[in-house]
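These are my notebook entries on a single protein chain. I record what I looked up, entry by entry.

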Amino acid sequence: MRIAQYDARSGGSYRYVHRDDDGTEYGFHSVLHEVRPNERIVQTFTYEGFPDGVSLETAVFEDLGGRTRVTGKSLMDSIEARDSMLKSGMVHGVREGYERLDDRLDELLGGQRSSSAYRHTERGS
């Protein structure tokens, strides 16, 4: 994963490029509409291979006393757009990313966490 740009503030944006083992690249970009540290982020999300399929995403951060719950919601243009994104393998990639982050946190904290806090749920509507 190559981060081409990352400006994490309200009005900022980011762009990153994922490269598969075969060299195929997939670009993604976003406009960050609202960034409230430790509270929430509201942003668009665009896969450059399907530039008309912009989603609006909200992440809410909840302090659980030493841990943080992150709840994310994505609003798609249509049910068809949602289904297409789910079929793309994106869910697997997101899950893998959070699991890797969870593992990295364990490394950084020296195994002080008692168990993995990552839990993924899917809802489609």
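**Entry 1: Glu39 and its surroundings**

I began in the loop between β3 (25-36) and β4 (40-47), where Glu39 is found. The model I am reading is a predicted one. I looked up the accessibility of Glu39 and found a relative accessible area of 41%, so this residue is partly exposed. Leaving aside residues up to four places away in sequence, I listed the contacts of Glu39 as Ala59, Val60 and Phe61. I also checked Glu39 against Asp63, which lies 24 residues away along the chain; their C-alpha atoms are separated by 8.9 Å.

**Entry 2: Asn38 in the loop**

I then turned to Asn38, which is also found in the loop between β3 and β4. Its phi is positive, at about 65°, although Asn38 is not a glycine. Is Asn38 buried or exposed? Asn38 counts as exposed because its relative accessibility is 71%, and the cut-off for that class is over 50%.

**Entry 3: Salt bridges**

I counted the salt bridges next, and the structure holds 9 of them. As background, side chains of opposite charge can pair when their charged atoms come close. Which residues are linked in a network of salt bridges? I noted Glu34, Arg36, Glu39 and Arg40 as its members.

I looked up two pairs within this group. The side chains of Glu34 and Arg36 meet at 2.5 Å, N to O. For Arg36 and Glu39, the salt bridge has an N to O distance of 3.3 Å. Arg36 therefore takes part in both of these pairs, and Arg36 counts as partly exposed because its relative accessibility is 38%. Glu34 has a relative accessible area of 18%, so I entered Glu34 as buried, the limit being under 20%.

A further salt bridge that I looked up joins Arg69 to Glu62, with the closest N and O atoms 3.2 Å apart. Arg69 is partly exposed, with a relative accessible area of 39%. Glu62 is likewise partly exposed, with a value of 36%.

**Entry 4: Ser55**

I wished to know where Ser55 is found. I located Ser55 in strand β5, which covers residues 55-63. Its relative accessibility is 1%, so Ser55 counts as buried. What does Ser55 touch, not counting residues up to four places away in sequence? I listed Gln43, Thr44, Phe45, Leu75 and Met76.

**Entry 5: Helix α2 and the nonpolar patch**

I next examined helix α2, which spans residues 90-108. This helix has 19 residues and reaches 27 Å from its first C-alpha to its last, close to the 27 Å expected at 1.5 Å a residue. Just after α2, I noted Gly110, which takes a positive phi of about 65°.

Which residues make the nonpolar surface patch of about 570 Å²? I recorded Val70, Val94, Tyr98, Leu101, Leu105, Leu108 and Leu109. Helix α2 contributes the largest share of this patch, with 5 residues. An α-helix has 3.6 residues a turn, so residues three or four places apart point the same way.

From the patch I took Leu108 for a closer look, and Leu108 lies in helix α2. Its relative accessible area is 57%, so Leu108 is exposed.

**Entry 6: The chain as a whole**

I closed with the overall values. The secondary structure comes to 2 helices and 6 strands, and read along the sequence the pattern is β-β-β-β-β-β-α-α. Of the 125 residues, 18% count as buried. The protein exposes about 9,400 Å², of which carbon and sulfur atoms supply 49%. Among contacts between residues at least 6 apart in sequence, I noted that 14% join residues at least 24 apart.

Finally, I looked up the confidence of the prediction. The mean pLDDT is 85, and 88% of the residues reach 70 or more. Where is confidence lowest, and where is it highest? I entered α2 as the lowest, at a mean of 80, and β3 as the highest, at 96. The helix that gives the nonpolar patch its largest share is thus also the element with the lowest confidence.

Terms used
Residues numbered from 1 in each chain as written. Heavy atoms only, no water. Helix = DSSP H or I, 4+ residues; strand = E, 2+ residues; numbered from the N terminus. Buried < 20%, exposed > 50% of the residue type's maximum accessible area, 1.4 Å probe, protein only. Contact = heavy atoms within 4.5 Å. Patch = residues over 30% accessible without salt bridge, like charges linked within 9 Å, V, L, I, M, F, W, Y side chains within 5 Å. Areas by Shrake-Rupley, 256 points an atom, 1.4 Å probe, with all protein chains shown as cover. Salt bridge = Lys/Arg side-chain N within 4 Å of Asp/Glu carboxyl O. pLDDT = per-residue confidence, 0-100. Expected span 1.5 Å × (residues − 1).
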